[in-house]
Amino acid sequence: MSHIYYQPPDEAIQEDYGSDEGPANHGEGKDWDETELELCGAIHITSPCDLTGEVHPILSNWIPAPSTPSDDGPSDEVLIPELHQPLLLASRILEREALPWFSDFFIEDIFSPSYAGYLRPFVENDRQKDQDKTPLVIVRHHKARWATPAMRQYWCQLAAEKLRSEELTSRVRWSLDDSIVHTKRAYGYTPRYPHTPGEKHKIDLPDLIIEYDKLAKLRGEKGRTLTVLLMRPFARRLYDLRVMGGRGREEYCRTAFMAAVTMLHELAHVIYWQDFRAMNRRLYEPFYGGDLEMELGDSLIASIFGGWTPVLVNWTPGWHFNPTFQDGIAWCQCLNWDYHTKRPRYRAHYSIRVD
């Protein structure tokens, strides 16, 4: 076995290292410039968000909440246009990455008693019979071994047509809201009834939803009209950064990205709850495929980002009462049978390189 011994540097080298009194003085140091910092991975210089194109029809129906004299800051008429970049980003992700996930809701009637995900409970009682009106699992057709590339392509085309149909897009509305981030600690929320923008939203209760459904059916509507609520601080921060000339800053891109992710997350809930038949006493959602949690919004986002969902880092106490977007993004792994055979003891957030 060979041994490597430490050899102290000779006097010439020792002089260059400096003495015990401190490092050798070779003159004033050179400041780092942005190019060097970016090359060594210390910083990431972003370019202004400059997406162009068409906003997807299912994301385009925005209703401003009425302003009151006590409101601080710009009105919704000013703030909603600030969401143009997030809307374009969400539209691109929707049509390029999310169609396989959405297609599984349109290939078959998921509320048919013959649907494969319409599982029966082992023990029959009145409570379970009531809950058995909705599917337990959404079947992942596009991941089936028998699904050919031609079939997957057809299913994606079917989903694209359904998501652009007038029948669906006319019943999906969007609005900015201040209260959801405080009351529900959520970036977005989709009430199961036709919420009026600007009003305090009611608690989702089965009896309340059923009453609204009866009125909608009397009007001849084919499904629920849903208003998706997005927290107003997204639009307000984009507005402030643009006014300050910060569209090229990382915070602007981060805020736009998380706004787009939140819209897609809520759209996953919309696709299920827009159907009148999506009703059970506990208001739970079905599992999607091998997911271990009944959360369709996280399921969609995880399918887009390889099993991970992004969340805003919020180190500041009381973040939900004063949201900030300066601290970065962390990633949370979605629990799924594809990756997990045991439930993790702890839920951890991770830092993942964006490249």
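**From the nonpolar core to the small sheet**

In this predicted model, the largest nonpolar core holds 72 residues, among which Trp62, Leu83, Phe102, Phe105, Leu163, Phe234 and Met263 touch the most other members. Helix α12, spanning residues 250-273, supplies the largest share of this core, with 15 residues. Leu163 gives a view of the packing: leaving aside residues up to four places away in sequence, its contacts are His56, Ile58, Leu94, Leu99, Phe102, Phe106, Leu168, Thr169 and Ile271.

Helix α12 also leads to the sheet, since it lies across β6 and β7 and runs at about 125° to β6. The sheet is open and antiparallel, with three strands in the order β6-β7-β8. Because β6 (308-312) and β8 (349-350) stand at the edges with a single partner strand each, one side of each is left without a neighbour in the sheet. Two bridges join β7 (residues 329-333) to β8 in the antiparallel sense, and Trp331 stands opposite Tyr350 in β8.

Aromatic pairs, of which the structure holds 14, include that of Trp101 and Phe105, whose ring centres are 4.9 Å apart with the planes at 40°, so that the pair is tilted. Both of these residues are buried, and together with Phe102 and Tyr288 they form one aromatic cluster. Phe305 and Trp331, by contrast, make an edge-to-face pair, 5.4 Å centre to centre with 70° between the planes. Because Phe305 lies in the loop between α13 (296-304) and β6 while Trp331 belongs to strand β7, this pair ties together parts 26 residues apart in sequence. Phe305 counts as partly exposed at 25% relative accessibility, whereas Trp331, at 13%, counts as buried.

How values were computed:
Residues are numbered from 1 along each chain as its sequence is written. This is a predicted model: local features need pLDDT of at least 70, side-chain atom pairs count only at pLDDT 80 or more; totals for chains, interfaces and linings use all residues. Side-chain values use heavy atoms; hydrogens and water are left out. A nonpolar core is a set of buried Ala, Val, Leu, Ile, Met, Phe, Trp, Tyr and Cys residues joined through side-chain atoms within 4.5 Å. Buried means under 20% relative accessible area, exposed over 50%, partly exposed in between (1.4 Å probe, protein chains only). Helices (H or I, at least four residues) and strands (E, at least two) are DSSP runs, numbered from the N terminus. Contact means heavy atoms within 4.5 Å. Two strands pair if DSSP finds at least two bridges between them. Axes are lines fitted to C-alpha atoms, for helices over the stretch in contact, and angles run from 0 to 180 degrees between N-to-C directions. Rings of Phe, Tyr and Trp (its six-membered ring) pair if their centres lie within 6.5 Å; planes under 30 degrees apart count as stacked, over 60 as edge-to-face and the rest as tilted.
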